[in-house]
Amino acid sequence: MSVTVMVVDDHPLWRDGVARDLAERGFEVVATAGDAASAVRIARAVRPDVVLMDLNLGETTGVEATTVITGALAGTRVLVLSASGEHSDVLEAVKAGASGYLVKSASAEELVEAVTRTAAGDAVFTAGLAGLVLGEYRRMAANPDEQDKPQLTERETEVLRLVAKGLTARQIATRLVISHRTVENHVQSTLRKLQLHNRVELARYAIEHGLDVEPEG
C-alpha cells in the first residue's frame with residue numbers, strides 16, 4: 001500500500017507543488033492544510049502516515065500543531081519541511097515530537113527519501129542538522145542523575161548512537177560490519193530495555209539522554 005501524506009504549508013503555490021511532486025512519485029496525498037488549526041483538525045480526520053509540516057503557519061506555529069498531532073495520533077509521524085535551518089527551530093520541532101527535519105532547499109529526491117524513511121519509522125534530518133540536535137541534547141542531558149539509566153551493552157550503545165544519527169538498519173550493518181539481522185536484534189533488545197515502542201522513540205531517547213556520545217581517545 002502507498003504511503004499516505006498530508007502537506008501543511010501556508011504558501012498555496014509551494015503547498016500544491018509539493019503535494020503534486022509527491023503524488024507523481026507514488027505517494028497518496030490525502031489532504032493539505034494552510035494553517036495549524038486546519039492541520040490538526042484534518043489530520044485527526046484523515047490520519048495520514050506522514051504529515052509534512054512547515055513551521056511558519058501564522059498565529060499558531062507548526063511546532064504547536066506537531067505537539068497536538070503526535071500526541072493524538074500514534075500512527076502518524078511528522079516530518080518538518082521548513083525554510084529555517086536554525087538550531088532552535090530544529091530542537092523545538094524534535095521536542096514537539098517531530099520524527100525528522102528537512103530544509104526546503106532539499107532536492108525532490110531527498111524529500112521522497114525522507115518521507116519514505118519517516119513512514120518506515122526512521123528519524124530523518126537534513127545533513128548537518130542531526131549533529132546539531134545531538135550536540136544540544138548532550139549539553140541539556142549533562143547532569144549527575146545517571147544512576148537510573150538502563151544499562152546497555154557497548155554494541156547496543158553503538159547501534160543506538162547510529163539510529164539517533166538517522167542511519168537505517170542496513171547502513172548501520174555496513175558501518176559496523178555486522179549482519180542486518182544482528183542490527184535488528186540489538187534494536188529490539190534496546191527497545192525492550194528502555195521500554196520504548198519504535199525507532200523514532202529510540203532516537204529521541206538517545207539524544208535526550210546523551211547516549212550517542214562517543215568515547216574520547
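1. Let's start with the strands: E1 (residues 4-8) runs parallel to E2 (residues 28-33), and the two pair over 5 bridges. Met 6 has Ala 31 of E2 as its bridge partner. Put helix H1 (residues 12-24) between them and you get a right-handed β-α-β unit. Bear in mind that this is a predicted model.

2. Now the salt bridges; a search of the whole structure turns up 5. Asp 9 pairs with Lys 104, with the closest N and O atoms 2.7 Å apart. Asp 9 sits in the loop between E1 and H1, and Lys 104 in the loop between strand E5 (100-103) and helix H5 (108-119), so this pair ties together parts 95 residues apart in sequence. Both Asp 9 and Lys 104 are buried.

3. Lys 104 also forms a salt bridge with Asp 54, the closest N and O atoms being 3.6 Å apart. Asp 54 comes from the loop between strand E3 (50-53) and helix H3 (62-72), 50 residues from Lys 104. Asp 54 counts as buried, at 5% relative accessibility. Asp 9, Asp 54 and Lys 104 are thus linked in a salt-bridge network.

4. Over in helix H7, Arg 155 and Glu 158 lie 3 residues apart, about one turn. Their side chains meet in a salt bridge (3.0 Å, N to O). Arg 155 is partly exposed at 29% relative accessibility, and Glu 158 is partly exposed at 23%.

5. Last, helix H9 (residues 180-194): its 15 residues should span 21 Å at 1.5 Å a residue, and the end C-alpha atoms are indeed 21 Å apart. Its buried residues, including Val 183, His 186 and Leu 194, pack against helices H7, H8 and H10. Just after H9, Gln 195 has a positive phi of about 55 degrees.

Conventions
Residues numbered from 1 in each chain as written. Predicted model: local features only at pLDDT ≥ 70, side-chain atom pairs only at ≥ 80, totals over all residues. Heavy atoms only, no water. Pairing = 2+ DSSP bridges. Helix = DSSP H or I, 4+ residues; strand = E, 2+ residues; numbered from the N terminus. Right-handed = clockwise from strand over helix to strand, strands pointing away. Expected span 1.5 Å × (residues − 1). Buried < 20%, exposed > 50% of the residue type's maximum accessible area, 1.4 Å probe, protein only. Contact = heavy atoms within 4.5 Å. Salt bridge = Lys/Arg side-chain N within 4 Å of Asp/Glu carboxyl O.
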